Amino acid sequence: MAAFSIVDGDLKMVKKELLGAVQACRERGLWHSAKWSADLAFCLNPLSISDDLPASVSFTPEDVEDLDAYNVAKSYFDLKEYDRAAHTVKDCQSPKASFLHYYARYLSQEMKKEHVHLDTLGPLVKGQLTNEALRLLRVGLSKKHLKKELDGYCLYVYGVVLRKLDLHQEAIDVLAEAAQYTPLHWGVWLELAALITDRDMMKTLALPNHWMKEFFLAHVYTELQMTGEALQKYNALQEAGFGKSTYITARIAVAHHNIRDIDTALALFTDLTKKDPYRIENMDHLSNLLYVKNMQMELCYLAHKLCEIDKYRVETCFVIGNYYSLCTQHEKAVVYFQRALKLNPRCLSAWTLMGHEYMEMKNTAAAIQAYRRAIEVNRRDYRAWYGLAQSYEILKMPFYCIYYYRQAHQLRPNDSRMLVALGDCYHKLEKLAEAKKCYWKAYSVGDMEKVALVNLAKLYERLNESDLAAQCYHRYIHDMCEAGEILEHEELSSAFRNLAHYYYRIERWDDAAVCARRCCDYNSVSNTIFGLSTSDVREENLLPSS
């Protein structure tokens, strides 16, 4: 993979391009893209008065002709009077006014759809999503597209509409075309990234040879759980001149969060909150880290802090929900996750964590419903697939479990938890060969929970393959002791007991004695070893008398 670099002289040009993108997005009401470009420009050195600053406003003859209608429509648009704004510029021909017309129509339908779903958190119904208004909007944009009358921003709206209508391949083609016309519009890249499901799809895209492509690739790699490639891209961007970017720091922290490198991610987020103390973006990831580390006081402080900044933000409700979950107040946690979903019905993590809370409350049906909603929002979320499989496991439906665990495994091929869970399901279904493969692969990729070898050993014991079982127990004990794991470990004591029993059967008395002595270090071991009482064992001189 070639390293990305920008020479010092080009950083001024990059800054000018970003400032121009800020202005262009503001003129069109694309506030999130304008904010992203402004944040990125802020991390670069300021321009001087002699640096040929970008013009604040640029007009074409068509823009001047439609200026009055555009200005009043933009005022309506900013006040979220979308139908009124669209009607005002419906006969305008300039690119800006045309974009405002189509974008206002699209946002009007999205706002009405949110109002319909405001009081319902049930399953999405496709008929509600693909409504007639979006189809009519697609027809109008399609005609203009065939006539080559759409600029990059209008192509963005067309691509978003196609995506909402589940016409994914058409949406990818249109959004890739939009990126060619307006490579500095971050919203285009985000919409395109949401449609990429694997590395092979990325190879087929005709993307512009622009420095913004590096940000897009890094974002996609992170979303596809290709964390090594994502970190390489972000590190290259930092070295290229974006070292002060809080956006890149946050994305690197998210990447470490995804691979469960908790300490590194927590350190990065802590540094980020010091630099940007009123930041709300990505604080949901920080709350997840604090939850995993069981840092209740820190999570409580974060929740209070975000409430003071803006208690009606999705991230704030999410953090409060995580806090109540850590306090085992699951009903309150569900309430706040539901509040987050009312603010943003497509908040993926809120659906997933609400499913977890329902699982804690033993409400399996509600948990399944929440996980399915998460999958509808984003099929790349392995946590939703994994949670759905666990729900069906509780319902004792192993064939369903296998399907959903497979989906989770495809998204996280190097996550041992998925493989161990798959192995357990195969074991229950008496598919022992598949179970052995899963357990061994889970160990090979790095067993997070340190159970794969033990499960594999028990499987070998069941098949009367005692030699292979002993090898697994021996390797498990070696790995645990080498890693310096806490010795009060239930599976470790069981491994010593079973290994001692094996050595006793094959008359390797010295090895059996060593393992038997180690067994006595654990409270979980019963008072009998090898089927004999402790006194009988001492009589056999296998354990020293006290």
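Let me start at Lys 437, which is found in helix H26, residues 432–444. With 62% relative accessibility, Lys 437 counts as exposed. Its C-alpha lies 7.7 Å in space from the C-alpha of Gly 423, and the two residues are 14 apart in sequence. Keep in mind throughout that this is a predicted model.

Now the overall picture. The protein has 31 helices and two strands. It has 546 residues, and 51% of them count as buried. Take the contacts between residues at least 6 apart in sequence: 56% of these join residues at least 24 apart.

Next, a helix on the inside. Helix H11 covers residues 186–193, and seven of its eight residues are buried, so H11 is largely enclosed by the rest of the structure. The buried ones are Trp 186, Gly 187, Val 188, Trp 189, Glu 191, Leu 192 and Ala 193. What do the buried residues of H11 pack against? The list is helix H2 (31–42), helix H9 (152–164), helix H10 (168–181), H13 and helix H15 (246–258).

H13 comes up again with the salt bridges. By the rule used here, the count is 27 salt bridges. As general background, side chains of opposite charge can pair when their charged atoms come close. The pair I would show is Glu 214 with Lys 233, where the N to O distance is 2.7 Å. Glu 214 sits in helix H13, residues 212–223, while Lys 233 sits in helix H14, residues 227–242, so this salt bridge ties together parts that are 19 residues apart in sequence. Are these two residues buried or exposed? Glu 214 has a relative accessible area of 13% and is buried. Lys 233 is buried too, with a relative accessible area of 9%.

Two other salt bridges involve partly exposed residues. In one, Asp 511 pairs with Arg 508, and the closest N and O atoms are 2.5 Å apart. Asp 511 has a relative accessible area of 30%, which makes it partly exposed. Arg 508 is also partly exposed, at 39%. There is a network as well: salt bridges with shared partners join Glu 27, Arg 28 and Lys 96. In the other pair, Glu 149 bridges to Lys 144, and here the closest N and O atoms are 3.6 Å apart. Glu 149 is at 46% relative accessibility and counts as partly exposed.

One histidine before the helix pairs. His 101 is placed in helix H6, residues 95–117. Its relative accessibility is 13%, and on that value His 101 counts as buried. Which residues does His 101 touch, leaving out those up to four places away in sequence? They are Ala 86, Val 89 and Lys 90.

That leaves helix packing, with two pairs to go through.

The first pair is H20, residues 330–343, with H21, residues 348–360. These helices pack at an angle of about 160°, and their axes are 9 Å apart. H20 and H21 are therefore roughly antiparallel to each other. The crossing of H20 past H21 is left-handed. On the H20 side, the contact is made by His 330, Ala 333, Val 334, Phe 337, Gln 338, Ala 340 and Leu 341; on the H21 side, by Ala 350, Trp 351, Leu 353, Met 354, Glu 357, Tyr 358 and Glu 360. Sorted by class, the residues of this contact are ten nonpolar, two polar and two charged. A general point helps in reading such lists: an α-helix has 3.6 residues a turn, so residues three or four places apart point the same way.

The second pair is H22, residues 364–377, with H23, residues 382–394. Here the packing angle is about 155°, with axes 9 Å apart. The cut-off for roughly antiparallel is an angle over 145 degrees, and H22 is therefore roughly antiparallel to H23. H22 also passes H23 in a left-handed crossing. From H22, the residues that meet H23 are Thr 364, Ala 367, Ile 368, Tyr 371, Arg 372, Ala 374 and Ile 375, and their counterparts in H23 are Ala 384, Trp 385, Gly 387, Leu 388, Ser 391, Tyr 392 and Ile 394. How does this contact divide by class? The contact of H22 with H23 has ten nonpolar, three polar and one charged residues.

That is where I will stop.

Notes: Residues are numbered from 1 along each chain as its sequence is written. This is a predicted model: local features need pLDDT of at least 70, side-chain atom pairs count only at pLDDT 80 or more; totals for chains, interfaces and linings use all residues. Side-chain values use heavy atoms; hydrogens and water are left out. Axes are lines fitted to C-alpha atoms, for helices over the stretch in contact, and angles run from 0 to 180 degrees between N-to-C directions. Helices (H or I, at least four residues) and strands (E, at least two) are DSSP runs, numbered from the N terminus. Angles under 35 degrees count as roughly parallel, over 145 as roughly antiparallel, 65 to 115 as roughly perpendicular and the rest as oblique. A crossing is left-handed if the near helix is turned anticlockwise from the far one by less than a right angle, and right-handed if clockwise. Contact means heavy atoms within 4.5 Å. Ala, Val, Leu, Ile, Met, Phe, Trp, Tyr, Cys and Pro count as nonpolar, Asp, Glu, Lys and Arg as charged, and the others, Gly among them, as polar. A salt bridge is a side-chain nitrogen of Lys or Arg within 4 Å of a carboxyl oxygen of Asp or Glu. Buried means under 20% relative accessible area, exposed over 50%, partly exposed in between (1.4 Å probe, protein chains only).
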